Every structure is written in C-alpha cells, then in structure tokens.
Amino acid sequence: MPLIKVSDLCFSYSDEPVLTDIDLEIEKGDFIGIVGPNGSGKTTLMKIIAGLESPDEGAVEVDGKASGYNGLIGYVPQKYERDPHFPATVEELLNISATQEIDYDLLEELEVDNLLDRKFVELSGGQQQRIMAAFALMKDPEILILDEPSVGVDIQAQEKFYNLLERLNTEEELTVLFVSHDVGVVSDKTNKVALINREICCTGTTDELPELMETAYGDEFKAFKHLHEHSH
Ligand code: ADP
C-alpha cells in the first residue's frame, strides 16, 4: 500500500480549475521531486496532501486514511504570509508550540542557531524555511513536504540542509516531497520525480527525467532541448 495515494483529484479556486484528474502514489521512504512550470498546481497539490485544502473531487489517502490534519506530515510552505510588523523572534516563535523541546542540535546543523534572537520576518526566505523545517522535524513527522523558495537562498547552507534531508531519508526512512523549480537540484537529490502540469501527473525515477519531461511538456520541451543542445 502506498504511503500517499491521490486518486482522480480535482481542485479549482472559485472558477479556475487548477488540478484535473490527478493520480499520484508515493511510497514510504521516497525522496520525490515535484517538478512543473509556474502555476502548474504544485503548491496547491502539496496543500491538499497536507490537509490544508480539501479536494473538490477525488481522494487523498495518507497511510490508508483520508487526509486532513494529522501528525504524520510536516509541511513547510514556500512563503510565510506574515505581517511585516509581526514582532516575534525566532526563539519566541519556536516556543509558541510547546509540544516539544527545541532541538538546538538540529538548529545548529541547519545553521540557524545563531538567529534565535532575530525577528523572524526580517530573515531571508531560505533562513525562514530552514527554521520552519527544523520546527516541523522536531515533531518527528513520517513525511516532510518542502515547497522550495526560489529567492533568498544561501546556496551553501541549503546544500547542508539537503544533506540533512538525505540522511533522514536514508537512516530514518523519512519520506520527502520536495517541490523545486530547479531541475538540476531535483536530479541531484531525489530518487523519484513527479511532473505536474494541471492535468498531467507522471512519475518515474530521477534517471527517467528527460523522457518524463517530454511526456509532460511535449513539443515545448523538445524546443527547449533543441535550443539547449545548440547553445553548446
Ligand atoms: P505552482 O506551485 O505550480 O506555481 P500553484 O498551485 O501555486 O502553482 O498555483 C496554481 C494556479 O492557481 C495559479 O494559476 C495560481 O495563480 C492559482 N492560485 C494559487 N493560489 C490561489 C489562491 N489562493 N486563490 C486563487 N488562485 C490561486
């Protein structure tokens, strides 16, 4: 039985259909890259899997149960829509949910331990994301969903972050769903990929990425490949 099973899923924001007839299966221990152009519905699908939005049609099951908020999933969004005057420091924010002790070793490993006294809203997108990932990991989830920010990322710190995810994936069978705009990072880090384009969702191993891109994006991808080959 797959750990996550999405069947015939449809979702619209008011009148705009965003996802149509999407099927996707993710096994325990997968480190899966979720790839697709801007606006293809990746973030929406992740929110539905995390139980933050409900499908209009179809179903999402996590560990055999209808999805909805449960302790199995740690969800780290791409952006934090917070009031720029939100006054909390990182430490205060981590203390708000007192269900677990702050894991200082984890903060150190993610290179955010020196930011505890800083105001959360003043940090870069990458720093905010690593803090929220640390927060999600402190709850010991089975699944981590990470919607990667495309701006404000410190490459070196991010590399360490990916290494930590790889270790948790290998040693603790943490299932990771990794949304990224960067196909290079996805092919480097993940062992499976899901290509999403509103009505298309195809999965395969990361080695199959070029063929999958052709299936999902057809002529658009061929034109890109052609240009790319001729620029070398
Ligand atoms: P991606 O993550 O692939 O860039 P999204 O899931 O964020 O795609 O968005 C898919 C489509 O849904 C886009 O056209 C976007 O403008 C629209 N959309 C996203 N969030 C909302 C929202 N809260 N209300 C209305 N439309 C939205």
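**Exercise 1. Determine which atom of the ligand lies 2.8 Å from an N or O atom in the side chain of T43, and describe the surroundings of the ligand.**

*Solution.*

Step 1. The partner of the T43 side chain is an oxygen atom of the ligand, at 2.8 Å. This is a polar contact (a pair of N or O atoms within 3.5 Å; within protein, one must be able to donate a hydrogen and the other to accept it, and residues adjacent in sequence count only if both atoms are side-chain atoms). The model is a predicted one, in which local features need pLDDT of at least 70 and side-chain atom pairs count only at pLDDT 80 or more, whereas totals for chains, interfaces and linings use all residues. Residues are numbered from 1 along each chain as its sequence is written, and side-chain values use heavy atoms, with hydrogens and water left out.

Step 2. A polar backbone atom of G39 is 2.8 Å from an oxygen atom of the ligand. For E16, a polar side-chain atom lies 3.2 Å from a ligand oxygen.

Step 3. The protein buries 61% of the 570 Å² that the ligand exposes when taken alone (Shrake-Rupley accessible area with a 1.4 Å probe; for residues, only the protein chains shown count as cover).

Step 4. The elements giving two or more residues to the shell are β2 (16–26) and α1 (42–49), and α1 gives the most, with three residues. Helices (H or I, at least four residues) and strands (E, at least two) are DSSP runs, numbered from the N terminus.

**Exercise 2. State how many aromatic pairs a search of the whole structure finds, and analyse those that involve F178 with F31 and with Y162.**

*Solution.*

Step 1. The search finds four aromatic pairs. Rings of Phe, Tyr and Trp (its six-membered ring) pair if their centres lie within 6.5 Å; planes under 30 degrees apart count as stacked, over 60 as edge-to-face and the rest as tilted.

Step 2. With centres 6.4 Å apart and planes at 70°, F31 and F178 are therefore edge-to-face. Because F31 lies in strand β3 (residues 31–35) and F178 in strand β8 (residues 175–179), this pair ties together parts that are 147 residues apart in sequence.

Step 3. F31 is buried, at 2% relative accessible area, and F178 is buried at 1%. Buried means under 20% relative accessible area, exposed over 50%, partly exposed in between (1.4 Å probe, protein chains only).

Step 4. Y162 and F178 are also edge-to-face, at 5.4 Å centre to centre and 90° between the planes. Y162 belongs to helix α5 (residues 155–172) and F178 to strand β8, so their pair joins parts 16 residues apart in sequence.

Step 5. Ring pairs link F31, F161, Y162 and F178 into a cluster.

**Exercise 3. Identify which residues touch the most other members of the largest nonpolar core, and examine Q129 and I200.**

*Solution.*

Step 1. I131 and L195 touch the most other members of this core of 44 residues. A nonpolar core is a set of buried Ala, Val, Leu, Ile, Met, Phe, Trp, Tyr and Cys residues joined through side-chain atoms within 4.5 Å. Helix α4 (residues 125–138) supplies the largest share of the core, eight residues.

Step 2. Q129 is placed in helix α4 and is buried, with a relative accessible area of 0%. Beyond its neighbours within four places in sequence, Q129 is in contact (heavy atoms within 4.5 Å) with residues including Y80, D147 and F161.

Step 3. I200, in strand β10 (residues 200–205), is partly exposed at 31%. Leaving aside neighbours within four places in sequence, I200 is in contact with I22, L195 and A216.
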